[in-house]
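Subject: Structure for you to look at, with notes

Dear colleague,

Here is the structure I promised to pass on, with its sequence. My notes on it follow below, and I would be glad if you read them with the structure open.

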Amino acid sequence: MTAGQAPELALIHGWGIGSAVWQPLCEALSRCCRVHLVDLPGYGGRVAGDADFTQTARSLVEHLPDPVILCGWSLGAMLAARAALLAPQRVCGLILVGATASFTQRTDWPEAQPAALLDSFSAGVQERPEQTLQRFAALLNQGDGRARTLTRMLLASLRSQAIAPMTVLCRGLDWLREVDLRPLLPSLRTRSLLIHGEKDPLNPLAAASWLAANIAQARLEVFADAGHAPFLADPDRFVRLVEEFCHADAAR
């Protein structure tokens, strides 16, 4: 889907839940930007292919207008950041929502998830994919003041699109397990807006604070009492921040 007028804004979903997750915001965003809903390979009927994380990030930006502002959520934020590092001349702005440099805990990176969580989801999507994605939708809203409402919204998004193939879901979990962008992000020079839920249960606020401190032109906006989907928790504020960021970038 593409709607609205420039500046160009591409919305990139995260793991498990396809581009329909952005649908509640599309009308409002299309009043201020030309919105491109991006389906990652294997989602929304797209052919999955066998590209790795870096190849997927490169392909993503190559198929979008030049220049473009990338807005990625969770795994989509990691792909957006990698794309900006690969093609800085094409990406004129980054909006990273619920983002982290490494989803998985490491010896020097405790503000993340244990590998065991990803192992449990890997086993789940191979045995009962639909139920596993429903569990994920509930998990990412834990701690949010509107958890029940937001979980219903995410479940509706899940039902509105075909579930991605099991191989695609497992590959995404592998990326979340393996990818560590910390060595790369200090060289990122793209102007960036970080939007993060104060009570994000998947990527703690400390992970966003690290991004804000290590990306040269980054600004962090924290949504109080919000979980992993702040754009759904407070859509009006989210749209306002995106509009301000995109038009400030376009005016440069």
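Arg 106, Asp 108, Asp 180 and Arg 182 are joined to one another in a network of salt bridges. Please keep in mind that this is a predicted model, and that the count of salt bridges in it comes to 11. Side chains of opposite charge can pair when their charged atoms come close.

Three further pairs are worth going through one at a time. Arg 34 forms a salt bridge with Glu 8, and the closest N and O atoms of the two are 3.5 Å apart. This pair links distant parts of the chain, since Arg 34 is in strand 3 (residues 34-38) and Glu 8 is in strand 2, 26 residues apart. The two partners are not equally covered: Arg 34 counts as partly exposed because its relative accessibility is 32%, whereas Glu 8, at 18% relative accessibility, counts as buried, the cut-off for buried being under 20%.

In the second pair, the side chains of Arg 177 and Asp 119 meet in a salt bridge with an N to O distance of 3.1 Å. Arg 177 lies in helix 7 (residues 166-178) and Asp 119 in helix 4 (residues 115-127), so this salt bridge ties together parts that are 58 residues apart in sequence. Arg 177 is partly exposed, with a relative accessible area of 22%, and Asp 119 is likewise partly exposed, with a relative accessible area of 42%.

The third pair is Glu 221 with Arg 237, a salt bridge in which the closest N and O atoms are 2.8 Å apart. Glu 221 belongs to strand 7 (residues 218-223) and Arg 237 to helix 10 (residues 235-250), so the pair ties together parts that are 16 residues apart in sequence. Both Glu 221 and Arg 237 are buried.

Helix 4, which holds Asp 119, also takes part in a helix packing. Two packed helices are described by the angle between their axes and the distance between the axes. For helix 4 and helix 5 (residues 129-139), the angle is about 145° and the axes are 6 Å apart. On the side of helix 4, the residues that meet helix 5 are Leu 117, Ser 120, Phe 121, Gly 124, Val 125 and Glu 127, and on the side of helix 5 they are Pro 129, Thr 132, Arg 135, Phe 136 and Leu 139. The residues of this contact divide into six nonpolar, three polar and two charged.

Two buried residues may also interest you. His 13 is placed in the loop between strand 2 (8-12) and helix 1 (23-29), and it counts as buried because its relative accessibility is 0%. The side chain of His 13 reaches the backbone nitrogen of Leu 40 at 3.1 Å. Leaving aside residues up to four places away in sequence, His 13 touches Gly 18, Ser 19, Val 21, Trp 22, Val 38, Asp 39, Leu 40, Tyr 43, Trp 73 and Gly 76.

The other one is Ala 81, placed in helix 3 (residues 75-86), which counts as buried at 3% relative accessibility. With residues up to four places away in sequence again left out, Ala 81 touches Leu 94, Leu 96, Leu 181, Leu 185 and Leu 188. Ala 81 and Thr 190 are 109 residues apart in sequence, but their C-alpha atoms are 9.0 Å apart in space.

Finally, a few points of backbone geometry. Asp 66 and Pro 67 are joined by a cis peptide bond, with omega about 5°, and Pro 67 is found in the loop between helix 2 (53-62) and strand 4 (68-73). Ser 74, in the loop between strand 4 and helix 3, has a positive phi of about 60° although it is not a glycine, and at 10% relative accessibility Ser 74 counts as buried. Asp 225 is also not a glycine and has a positive phi of about 65°; its place is in the loop between strand 7 and helix 9 (230-233), and Asp 225 is partly exposed, with a relative accessible area of 40%.

With best wishes

Methods. Residues are numbered from 1 along each chain as its sequence is written. This is a predicted model: local features need pLDDT of at least 70, side-chain atom pairs count only at pLDDT 80 or more; totals for chains, interfaces and linings use all residues. Side-chain values use heavy atoms; hydrogens and water are left out. Helices (H or I, at least four residues) and strands (E, at least two) are DSSP runs, numbered from the N terminus. Buried means under 20% relative accessible area, exposed over 50%, partly exposed in between (1.4 Å probe, protein chains only). A polar contact is a pair of N or O atoms within 3.5 Å; within protein, one must be able to donate a hydrogen and the other to accept it, and residues adjacent in sequence count only if both atoms are side-chain atoms. Contact means heavy atoms within 4.5 Å. A salt bridge is a side-chain nitrogen of Lys or Arg within 4 Å of a carboxyl oxygen of Asp or Glu. Axes are lines fitted to C-alpha atoms, for helices over the stretch in contact, and angles run from 0 to 180 degrees between N-to-C directions. Ala, Val, Leu, Ile, Met, Phe, Trp, Tyr, Cys and Pro count as nonpolar, Asp, Glu, Lys and Arg as charged, and the others, Gly among them, as polar.
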